[in-house]
Amino acid sequence: MTTMRMLSIDTLVNMPAKRFMRVIDNGSYNADRFYQTGFEQLCFESSRSAIGETVISSVIPFDGELLIVGNSEICSAWRKTCLDLSINVSVIDVQDTENDIEAALNAILKTNSHITHVICSSSRSSETMDIIGRVVRDYKRSLIVDNTSDKLAMNDINRLGIDFMIASDNDSVSLIVARRSKLVQIEGNARVANHDLYALWQEHMCNRRSTLEPMAC
């Protein structure tokens with residue numbers, strides 16, 4: 001893996017792809033004050049696949065396991081990443097109906113206490129995303145979502161209880177939105193030193209202006 005190159009959030013503001021802005025602006029906070037939402041945004045000159053690998057390799061604890069919901073091409077890439085990094089992984093592939101998803105998630109999360117994180121794509125229906133978010137919260141696991149459909153905004157991240165969200169533009173500029181209370185817990189997890197999400201966040205924090213208004217918890 002090559003070294004991750006971080007970008008200023010101004011890069012997103014000035015990009016033609018305005019869909020990033022609906023992610024980092026929920027109507028109450030601008031980009032400069034995004035930290036007040038209780039989330040952090042990290043922008044990179046990097047592909048979606050590299051960002052996905054960075055999140056997976058950094059957030060899963062060494063005794064944890066990732067549950068992949070789906071069996072698309074991108075889900076297969078996530079599974080390969082886990083295998084390459086010796087991260088335990090489970091996969092459920094069920095029909096995109098609320099009852100099927102809910103039953104499958106309940107069955108595996110109830111019996112497998114090693115699963116710490118669940119990852120899925122936002123390409124599923126809004127109703128299915130609601131089910132996934134609710135069940136993951138019920139079992140107190142962390143939810144990672146790849147915003148492949150570009151339909152998620154900041155309010156959706158809060159509503160669904162997403163802890164880490166990935167978004168990308170034309171496979172060249174990517175964004176990670178991470179819940180701060182979860183981000184502080186991933187120190188030391190990274191399997192790849194130059195793709196350490198915690199270290200990259202700390203680098204971002206060093207460049208933040210010194211005068212800050214109160215943050216959300």
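Which unit do β6, helix α7 and β7 make? In this predicted model, the three elements form a right-handed β-α-β unit, with helix α7 spanning residues 154-160. The two strands of the unit run parallel and are joined by three bridges. Within this pairing, V145 is found opposite M165 of β7.

Strand β7 is a good place to pause. It covers residues 164-169, and six of its six residues are buried. The side chains of F164, I166 and S168 point one way from the strand, while M165, A167 and D169 point the other way. This fits a simple pattern: in a regular strand, side chains alternate between the two faces of the sheet. In β7, the residues pointing either way are all buried. Besides its parallel pairing with β6, β7 also pairs with strand β8 (residues 173-179), this time in the antiparallel sense and over six bridges. One of the residue pairs here is S168 with S174, its bridge partner in β8.

With these neighbours in place, the whole sheet can be introduced. Eight strands build an open sheet, and following them across gives the order β1-β2-β8-β7-β6-β5-β3-β4, with mixed pairing. The edges are taken by β1 (6-7) and β4 (88-92), each of which pairs on one side only.

At the β4 edge, the partner strand is β3 (residues 65-69), and the two pair in the parallel sense over five bridges. Here I68 stands opposite V91 of β4. Helix α4, made of residues 73-84, packs on the sheet and touches β3 and β4 as well as β5 (115-121) and β6 (142-146). The direction of helix α4 makes about 165° with that of β3. A further helix, α5 (residues 98-111), lies across β3, β4 and β5, and also runs at about 165° to β3.

The cysteines complete the picture. How many disulfides does the model contain? The count comes to zero. For C120, the closest cysteine sulfur is that of C75, at 8.4 Å. A disulfide calls for sulfur atoms within 2.5 Å, so the sulfur of C120 is too far from that of C75 for a bond. Is C120 buried or exposed? C120 is buried, because its relative accessible area is 0% and buried means under 20%. C82 likewise counts as buried, with a relative accessibility of 0%.

Technical notes:
Residues are numbered from 1 along each chain as its sequence is written. This is a predicted model: local features need pLDDT of at least 70, side-chain atom pairs count only at pLDDT 80 or more; totals for chains, interfaces and linings use all residues. Side-chain values use heavy atoms; hydrogens and water are left out. Two strands pair if DSSP finds at least two bridges between them. Helices (H or I, at least four residues) and strands (E, at least two) are DSSP runs, numbered from the N terminus. Contact means heavy atoms within 4.5 Å. Axes are lines fitted to C-alpha atoms, for helices over the stretch in contact, and angles run from 0 to 180 degrees between N-to-C directions. Buried means under 20% relative accessible area, exposed over 50%, partly exposed in between (1.4 Å probe, protein chains only). A crossover is right-handed if, with the strands pointing away from the viewer, the path from the first strand over the helix to the second runs clockwise.
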